[in-house]
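User: I have some labels I want justified. Take me through the reasoning behind each one.

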Amino acid sequence: MNELMHIQHFITEHHLLTLCASFNDNIWCANCYYIADSDNMALYILTSPDSRHGSLMLKNRNIAGTIAPEPHEISDIQGVQFSGSIELIPSSNEQQALELYYKKFPIAKNMSSSIWKIILNEIKMTDNHIKFGFKLNWQRT
């Protein structure tokens, strides 16, 4: 089994993540729709820099999060936990990322938000489809 390809496939098959941002003693989580750039192990989200998590991410680029569907059976559990860094894409460089995002989520064209890039640095995947408690790990080198 190619572990990286297995993780990439899972990430591209889903579209909702939870991310956690913090600065000093402030911490906040948010659910965001994403698109995956699996070749570069990156994700793109649309959110406002003025949101609670957005203002935290501007102060501290280190984030963590999860991608996890809600199965009814424990044997169907699959999901990833990740850590990485996030950057607000400057408006001069956002066009390509926005086009990809709008292609998957056309309704987002009506939102007044900014596009961000999550650079994944570490992933732990659980996949009970393979075996109960089966884990895969990946780290950016």
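User: Why does Cys29 count as partly exposed?

Analyst: This is a predicted model, and its values are computed. Cys29 has a relative accessible area of 41%. Buried means under 20%, and exposed means over 50%. The value for Cys29 lies in between, so Cys29 is partly exposed.

User: And Cys32: buried or exposed?

Analyst: Cys32 has 4% relative accessibility. The cut-off for buried is under 20%, so Cys32 counts as buried.

User: How do you know that Cys32 is in no disulfide?

Analyst: The nearest cysteine sulfur to that of Cys32 belongs to Cys29, and it is 10 Å away. A disulfide needs the two sulfur atoms within 2.5 Å. The pair fails that test, so Cys32 is in no disulfide. For the structure, the count comes to 0 disulfides.

User: What makes Glu87 and Arg61 a salt bridge?

Analyst: Their closest N and O atoms are 3.3 Å apart. The rule asks for a side-chain nitrogen of Lys or Arg within 4 Å of a carboxyl oxygen of Asp or Glu. The pair meets it, so Glu87 and Arg61 form a salt bridge. The structure holds 1 salt bridge.

User: Why is this pair said to tie parts together?

Analyst: Glu87 lies in strand E5 (residues 78-88). Arg61 lies in the loop between helix H2 (52-59) and strand E4 (62-67). These parts are 26 residues apart in sequence, so the salt bridge ties them together.

User: What accessibility class do the two partners get?

Analyst: Glu87 has 30% relative accessibility, and Arg61 has 41%. Partly exposed runs between the 20% and 50% cut-offs, so Glu87 counts as partly exposed, and so does Arg61.

User: What makes strands E6 and E7 a pair?

Analyst: E6 (residues 114-127) and E7 are joined by 5 bridges. Pairing takes at least two, so the two strands pair. They run antiparallel. Lys124 stands opposite Asn137 in E7.

User: Which residues make up the covered and uncovered faces of E7?

Analyst: In E7 (residues 135-139), Leu136 and Trp138 form the covered face. Lys135, Asn137 and Gln139 form the uncovered one.

User: What lines the largest pocket?

Analyst: Its lining has 13 residues, and Ile35, Asp37, Tyr44, Ala97 and Leu100 lie nearest the centre. Strand E2 (26-37) and helix H3 (95-104) each give two or more residues. H3 gives the most, with 4 residues. By class, the lining has 7 nonpolar, 3 polar and 3 charged residues. The space in this pocket is about 260 Å³.

Conventions. Residues numbered from 1 in each chain as written. Predicted model: local features only at pLDDT ≥ 70, side-chain atom pairs only at ≥ 80, totals over all residues. Heavy atoms only, no water. 1 Å grid on protein atoms, 1.4 Å probe; cavity = no way out; pocket = protein on both sides within 12 Å on 5 of 7 lines; lining within 4 Å. Points joined across faces, edges and corners; volume = space filled by probe spheres on them. Nonpolar A, V, L, I, M, F, W, Y, C, P; charged D, E, K, R; others polar. Buried < 20%, exposed > 50% of the residue type's maximum accessible area, 1.4 Å probe, protein only.
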